[in-house]
Amino acid sequence: MAEKQQVVIIGGGILGLAIAHYLQNSGEAQVWLFERGELGAGTTSQAAALLTRARSSDSAALMVHETHSTLRMLEQRFNLPFAQRSGCLHIASQAHEREQLLRYSQQAQQLDVGTQWLDSSDIQRLLPWLAITADSSALYYPDDGHADPYTLAQLYARSARAAGAQIIAHCAVSRLESQGGVFTGVHLASGEFIRADSVVLAAGPWSAALAYDYDIALAMAPVRSHYWITNNQPQVDARQPMAIIPSAKAYFRSEQSALLFGVRDSQCCVADPRALPHDIHSFHFAEDANGWLALEEHWHNLLALCPLLEQAQLAHYLSGVSSYTPDGKPLLGRLEQHSNAFVATGCSGAGIAFSGGIGRLLSEQILGKPTFVAAEEFSPARFATLQPPADPMSAEFRQHCARARSGKSTG
Ligand SMILES: Cc1cc2nc3c(=O)[nH]c(=O)nc-3n(C[C@H](O)[C@H](O)[C@H](O)COP(=O)(O)OP(=O)(O)OC[C@H]3O[C@@H](n4cnc5c(N)ncnc54)[C@H](O)[C@@H]3O)c2cc1C
């Protein structure tokens, strides 16, 4: 029997754990995953966790499709149904938005995903608190939903462990050992050395600073993503679908009887990756720390769409860190500079939805198998010819990444 390849994964967020699940269950790899804090407690725990299938490319849609299949499998296997499959409405009020919905509906057909066209009265029936114009229409994905990202991360970990993976929390990787363009292993903060045939960098927004120490410039930056949650509202209930409204750069979903909503700012806050503390929950962006300026920018549109906000109390505000790339697509795959090093990060606000797809893709790439999606679209090498070159330590480059979030229209 061929010896298993030993794969070291740095980072126990949703991506590292999803990769561990797929790799270890392939039977062809022995996974060692190191997480310096709690599993799934980094930026994963901050996500609104919309698992929307409508995506800007077919490969991206296929990745989310894979996540939904794996999520169902894990729920059944561990007898823990936790995803809220209340559906999702993509709402259009302008001609170019309706054209986008047509493209989504073709994409869904190719993947055999059920969708329905709704007119404004259907939308109103499903979301009585939403004020839309009579010419609005929507593409409805009845099987879309959201899932607690922390729980999903734990299920990936349980599955990987059950198959024999070593998933070790509270254990930081302090240094990689590099010899002749190959990472031969990692040094742990405890002083131990772990040998590796392949190394996967899945350290979330910390990946850029970690890679920089080895002259690897990952084309990504830590950009603010944020959302608010109201107090309980009589018109809101957990069975209502999520709503994505590109014209308002806003999304809504129920959080039990409260309403969660997020907006995309015209100028997103961005940070220096070296400034991120280990405890991401203690981090605040330098500007607009409590989100009031962003809320002010969108308030007029939000009230017009959702009049209940006038009386609602904003019970929670979450300002988190998303890793954005200049084109808003993740960085996935082999690194050019080190033949046995792989990266999985830069998910640009979609890491929970992509997690199953990323786990499968990275597992296939590491094992040298044909991949289930065309991977070039996500290759870290696609920014090699960028001018000026991608440099996560340059403020100008980071603004480039922040603009990718401002212009985003899918979930
Ligand atoms: C407000 C907000 C809303 C979001 N909403 C959505 C959404 O609706 N849908 C969606 O799909 N995505 C959403 N996201 C994005 C999603 O949260 C991320 O894409 C995803 O969680 C990234 O996972 P990760 O594993 O790359 O990073 P993380 O979860 O941050 O994991 C990285 C881990 O690496 C560890 N680490 C770092 N350095 C080391 C080291 N040297 N040694 C050991 N461990 C190390 C860290 O401790 C951390 O736990 C949202 C994000 C935010 C902030």
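A polar contact is a pair of N or O atoms within 3.5 Å; within protein, one must be able to donate a hydrogen and the other to accept it, and residues adjacent in sequence count only if both atoms are side-chain atoms.

The model is predicted: local features need pLDDT of at least 70, side-chain atom pairs count only at pLDDT 80 or more, and totals for chains, interfaces and linings use all residues. Residues are numbered from 1 along each chain as its sequence is written, and side-chain values use heavy atoms, with hydrogens and water left out.

**Exercise 1. The ligand**

Task: Find which atom of the ligand lies 3.0 Å from a backbone N or O atom of valine 173.

Solution.
- Step 1. Start at valine 173. The ligand atom 3.0 Å from its backbone N or O atom is a nitrogen.
- Step 2. Go to threonine 43. An N or O atom of its side chain is 2.7 Å from a ligand oxygen.
- Step 3. Add isoleucine 14. Here a backbone N or O atom lies 3.2 Å from an oxygen of the ligand.
- Step 4. Check the cover. On its own the ligand has 1,000 Å² of accessible area, and the protein covers 95% of it. (Such areas come from the Shrake-Rupley method with a 1.4 Å probe; for residues, only the protein chains shown count as cover.)
- Step 5. Name the elements. α1 (14–25), β13, β17 and α8 (351–366) each give two or more residues to the shell around the ligand. (Helices, H or I with at least four residues, and strands, E with at least two, are DSSP runs numbered from the N terminus.)
- Step 6. Pick the largest share. It comes from β17, with 4 residues.

**Exercise 2. The sheet**

Task: State the order of the 8 strands in the open sheet.

Solution.
- Step 1. Read across: β5-β6-β4-β14-β15-β16-β13-β17, with mixed pairing. (Two strands pair if DSSP finds at least two bridges between them.)
- Step 2. Find the edges. β5 (116–119) and β17 (314–324) each pair on one side only.
- Step 3. Add the turn. Neighbouring strands are turned by 25° against each other on average, direction ignored. (Axes are lines fitted to C-alpha atoms, for helices over the stretch in contact, and angles run from 0 to 180 degrees between N-to-C directions.)

**Exercise 3. Strand β13**

Task: Explain why β13 counts as largely enclosed.

Solution.
- Step 1. Count. 10 of the 10 residues of β13 are buried, so the rest of the structure largely encloses this strand. (Buried means under 20% relative accessible area, exposed over 50%, partly exposed in between, with a 1.4 Å probe and protein chains only.)
- Step 2. Check the faces. Both are covered: one side includes Val223 and Tyr227, the other includes Arg224 and Trp228.
- Step 3. Look towards β17. It runs antiparallel to β13 (residues 221–230), and 10 bridges join the two. Alanine 221 has tyrosine 324 as its bridge partner; threonine 230 has leucine 314.
- Step 4. Look towards β16. This pairing is antiparallel too, over 3 bridges. Tryptophan 228 stands opposite phenylalanine 261.
- Step 5. Add helix α9 (residues 395–406). It lies across β13, β16 (258–263) and β17, at about 35° to β13.

**Exercise 4. Two residues**

Task: Decide whether histidine 90 is buried or exposed, and do the same for arginine 72.

Solution.
- Step 1. Place histidine 90 in strand β4 (residues 88–92). Its relative accessible area is 4%, so histidine 90 is buried.
- Step 2. List contacts (heavy atoms within 4.5 Å). Leaving aside neighbours within four places in sequence, histidine 90 touches residues including Thr52, Leu101 and Ile244.
- Step 3. Place arginine 72 in helix α2 (residues 58–77). Its relative accessibility is 35%, so arginine 72 is partly exposed.
- Step 4. With the neighbours within four places in sequence again left aside, arginine 72 is in contact with Arg85 and Asp143.
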